[in-house]
Amino acid sequence: MKLLIEALMKFICGLLLVGLLIFLPAGTLYYTYGWLLIILLFVPMLIAGFVMLAKSPDFLKKRLDAKEKQGTQKGVVAFSGLLFIAGFVVAGLDFRFGWSTMPTWVVIIASVLFLVAYALYAEVMRENAYLSRTVKVEEGQTVVDTGMYGIIRHPMYAVTILLFLMIPLVLGSWYALIAFAFYPAVIVVRLKDEEDLLTRELPGYAEYKEKVKYRIIPFVW
């Protein structure tokens, strides 16, 4: 019950925060693409939360812990937060003042890709029981090298890049895409710092890097 309350409180706070960041700058609740994003983002999140609560409450508890302890990662999280705030606010202002116009078909494709990315994210969580929102090595942790982890070393980051780059397109704002476009660079910083930690502290990770050459884009990087 305590875990359920904690999860619901964080969910509600996240929903209210994103809603305020989108609709307040828009100056109206009649922002259709804003509601579209709310539905695409939070409905699957709510379903996934209840599934984790029922099947793996320990994993849900781990996912709720977002407090980074390392300096570099704290900076990454803080900068990511600023990017998201800027992106949502710009999207709202774009709608309010009509700065840009996006074709409906782009929004539809972005929405489909957003859901695909969400499904892939769920698969990554299924494959890796050690997946955490913070960078750390747990006691007894082993290297996961099957499924998507047999293709790229950081499928979670690859999926989140796709997920978050679709957000401004779902919102119908080309200008918001400028803010979100910095997200991949932030991920690269986080990823490199994380790999240094895993190489030092996780047995077998150095060998895994030799086996799986690519970090987030197959045959590229």
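Visitor: How many salt bridges does a search of the whole structure find?

Guide: The search finds four salt bridges. Keep in mind that this is a predicted model.

Visitor: What makes Asp-145 and Lys-211 a salt bridge?

Guide: Their side chains meet at 3.2 Å, N to O. The cut-off is 4 Å between a side-chain nitrogen of Lys or Arg and a carboxyl oxygen of Asp or Glu, so the pair qualifies. Asp-145 sits in the loop between α5 and α6 while Lys-211 belongs to helix α9, so the bridge ties together parts 66 residues apart in sequence.

Visitor: Why is Lys-211 called exposed, and why is Asp-145 called partly exposed?

Guide: Lys-211 has a relative accessible area of 55%, and exposed means over 50%, so the word fits. Asp-145 has 31% relative accessibility, which lies between the 20% and 50% limits, so Asp-145 counts as partly exposed.

Visitor: How do you know that Arg-215 forms a salt bridge with Glu-195?

Guide: The closest N and O atoms of the two are 3.4 Å apart, and the limit is 4 Å, so this pair counts too. Arg-215 is in the segment after α9 and Glu-195 in helix α8, 20 residues apart, so the bridge links distant parts of the chain. Arg-153 joins Glu-195 and Arg-215 in a network of salt bridges.

Visitor: Is Glu-195 buried or exposed, and how do you know?

Guide: Glu-195 is buried: its relative accessible area is 4%, and buried means under 20%. Its partner Arg-215 has 22%, so Arg-215 falls in the partly exposed class.

Visitor: What makes Leu-4 partly exposed, and which residues does Leu-4 touch beyond four places in sequence?

Guide: Leu-4, in helix α1, has 24% relative accessibility; buried would require under 20% and exposed over 50%, so Leu-4 is partly exposed. Leaving out residues up to four places away in sequence, Leu-4 touches Phe-50 and Leu-53.

Visitor: Which residues touch the most other members of the largest nonpolar core?

Guide: That core has 51 residues, and Ile-22, Leu-37, Phe-88, Phe-114, Ile-167 and Leu-171 touch the most other members. Helix α6 gives the largest share, 10 residues. Phe-114 has contacts with Leu-37, Leu-40, Leu-41, Leu-163, Met-166 and Ile-167, leaving aside neighbours within four places in sequence.

Visitor: Why is Phe-219 called exposed?

Guide: Phe-219 has a relative accessible area of 72%, and the limit is over 50%, so Phe-219 is exposed. Phe-219 lies in the segment after α9, and its phi is near 70°, a positive value in a residue other than glycine.

Key:
Residues numbered from 1 in each chain as written. Predicted model: local features only at pLDDT ≥ 70, side-chain atom pairs only at ≥ 80, totals over all residues. Heavy atoms only, no water. Core = buried A, V, L, I, M, F, W, Y, C linked by side-chain atoms within 4.5 Å. Buried < 20%, exposed > 50% of the residue type's maximum accessible area, 1.4 Å probe, protein only. Helix = DSSP H or I, 4+ residues; strand = E, 2+ residues; numbered from the N terminus. Contact = heavy atoms within 4.5 Å.
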